[in-house]
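Here are a few short exercises on aromatic rings. Have a look at the structure first, then try each task before reading its solution.

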Amino acid sequence: MNFSELLSLTLMLVQLQPCSPSTQNRLAQNTYESFTAVRRVRRGWVWEPLFATEEQTSVVPVYVGQLQSNLDKQDGNLKYTLTGEGAGSIFIIDEDNGKIYVTQKLDREKKPFYSLRAQAINRNTQLPVEPDSEFIIKVRDVNDHEPQFLDGPYMATVPEMSPEGTSVIQVTATDGDDPSYGNSARLLYSLIQGQPYFSVEPKTGVIRMASQMDRETKDQYLVIIQAKDMVGQAGSFSATATVTINLSDINDNPPKFQQRLYYMSVSEEAPVGTTVGKVFAEDSDIGENAAMNYSIEGDSSDVFDIITNNETQEGIILLKKRVDYESKKRYSIEAKVVNRYIDDRFLKEGPFEDKTIVKINVEDADEPPVFTMENYVMEIAEGAERGSLVGVVTARDPDDDDSPIRYSIVHGMHLKRLFSINEHNGTIITTKPLDREVASWHNLTVTATETRNPEKISEANVYIQVLDINDHAPEFPKYYETFVCENTVSGQLIQSISAVDKDDSAEGHHFNFSLAQEVTNNSLFTVKDNQDNTAGIFTAKSGFRRQEQVFFYLPILILDNGTPPLTSTNTLTVTVCDCDTEVNTFYCRYGAFMYSMGLSTEALVAILACILILLVFFFAILAIRQQRKKSPFSEKMEEFRENIVRYDDEGGGEEDTEAFDISALRTRTVIRTHKPRKKVATEIHSLYRQSLQVGPDSAIFRQFISEKLEEANTDLSVPPYDSLQTYAFEGTGSLAGSLSSLGSNMSDADQSYDYLRDWGPHFKNLAGMYASHRSGGD
């Protein structure tokens, strides 16, 4: 077998899944190397093309091909062996002649080829007479797979009225057979359902429009596509797929009113914004293609308006202006509807709009009175006498019966105390003089009521401005504290002043400042008007002496520019200070006060020192009294609590010195004091000792503890570590003895119970009872 035949055999291999280029190159390279090796040793393999057909029976081994060495002399000395994929199980070889058989059923889609190696061995020497050679057995394909639509069912959308040939969607089927061998995987598409509206390309599966379709007629189509393998030949397999095609809407229909004429009515009492009625235009399109806008044509657009309800696509007619039955009883308007979004492709078929007529009747109603003006503005001078005319309001009944009107003022009793209105003619007058400085404007609400129908009421606002007259004189805006040093020179500025006026001035206030006439000639100060509503106070001499005069009082005359002009005299107090150049206002103020009281600086310091000493003495007394109020009972209680220590641990043996400190019981000696009672055999300790110092004397208690400690040390049954010992020791008895008079050898008259007062507040009453009883007995 030459090289070209071996290469052709290799290229005829067919796989279920295409192998990678690297695999193909490797197979070709191995084949080339084997052939080259055979030529180099002048030996080689001889075989016929090896093919195994898939799906063929495997009951009896099926011959695939034969391998033979050119050194085989047919004398039985050579033995052929087979190794590699499936050798001995799927494929067997006749070791005498090199014929290869397949013993199992093959599936090309699972494995398209098998790679094996053959070797010729000398039976006598058991040595190979040929280099082992790799070869491939190709599995030939048969049509054993049906086409499949893996992505179905399909959904597609195409605009309505699309031209013929418009691509809708592409459907694709797959076939598991070998596409490179025969026609097993070659598919052919056809249309089973969908004519005459759609067509399909046989090779690509692209579905196209076969005619123009109107969505308003039918908006969904069901198309069935068939795919056959073997190019549709006999024995082919087929599969079908369902394609649902929806027609999307385009704006190809204009809106149309349902009626050519609408009748509506509205009451003349209806307020602005009232819904008069609704109109509706139909549009066969959907979505934004059916969106429309309504409008009113002609002169009636100033009385009525129309808006679009975007949800229902209705036109809502609203009252834009109040209507009057007496003025106009009927309106005729033209309503227009236009598509909001227009497709220019269909404009040639006609305008996408429509019109209709709406007739609106005005219904008569008993209307409330109508003022000639909605707002009245009136003026009156302040200070006008009671009963002065402010103005007149007027209202009328718009109905034909022309009912009489009654006027009144509402909104606030304080306004009724200032103004009154004539209920018959609407004349407004004052009931007391007005003050502009208190209120410059007054807002009244006047009502007009029909006398025949009191429910019909109208309101109007009346704004009354109080005109200003010059009735307030100018004055200082604040109290000025003016100081001057003793060494001040003549012509020095000591104060800047200004003025305010409660009156209003159309041209703006302008004030003139001057000294009062009576002090102009002999004053130590001068006033300079700055012509900007301010003035300066200057000294007219050099040097002042506080010992001679502490205060100077300057009458300042202020003149306004009102009509007529008013003047006022405001007194400026100038205080003389003991200073060099700068004034210490605090020191100067209080120094002046002391001088006015006739006291010197030294006297002021002495007074302050005395006050300070008295305050220190007062606080010291308070501290001493507070200390005395503290009860010794609380101190003893604190000491008693500090002696009680609780230990819950068992200790750590003799070396544990922190578990319990017996010195706390030994070192603190309780000192008990008692007050002897005259003519009493047994002394009674105080209640303080009895309530807090319960127990025996220290010496007795120490003796008791020592005895118990000795018992614990000598007792072998107790634990060998520190422990808490509890002793029920009652003591030697109370030193107070019995308080009963039984067995007493003396009478109560010989006893004094004053010591009971020292026992505490609870025994004061008892002492008082015994003391009173004794005095009564005496």
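How many aromatic pairs does a search of the whole structure find? Keep in mind that this is a predicted model. The search turns up 14 aromatic pairs.

**Exercise 1.** Work out how the rings of Phe304 and Tyr331 are arranged.

*Solution.* Start with the two values to look for: a pair of aromatic rings is described by the distance of the centres and the angle of the planes. For Phe304 and Tyr331, the centres are 5.2 Å apart and the planes stand at 80°. Planes over 60 degrees apart count as edge-to-face, so Phe304 and Tyr331 make an edge-to-face pair. Next, place them: Phe304 belongs to strand S20 and Tyr331 to strand S22, so the pair links parts of the chain 27 residues apart. Finally, check exposure: Phe304 and Tyr331 are both buried.

**Exercise 2.** Do the same for Phe525 and Phe544, and find what lies over the face of Phe544.

*Solution.* Here the centre-to-centre distance is 5.6 Å, with 10° between the planes. Planes under 30 degrees apart count as stacked, and that is the label for Phe525 and Phe544. Phe525 sits in strand S36, while Phe544 is in the loop between strand S37 and strand S38, 19 residues apart. Both Phe525 and Phe544 are buried. Over the face of Phe544 you'll find Lys541, at 5.0 Å from the ring centre.

**Exercise 3.** Which ring does the charged end of Lys329 sit over?

*Solution.* Look at Tyr325: the charged end of Lys329 is over its ring, 4.8 Å from the centre.

How values were computed: Residues numbered from 1 in each chain as written. Predicted model: local features only at pLDDT ≥ 70, side-chain atom pairs only at ≥ 80, totals over all residues. Heavy atoms only, no water. Phe/Tyr/Trp six-rings, centres within 6.5 Å; stacked < 30°, edge-to-face > 60°. Helix = DSSP H or I, 4+ residues; strand = E, 2+ residues; numbered from the N terminus. Buried < 20%, exposed > 50% of the residue type's maximum accessible area, 1.4 Å probe, protein only. Lys NZ or Arg CZ within 6 Å of the ring centre and 35° of its normal.
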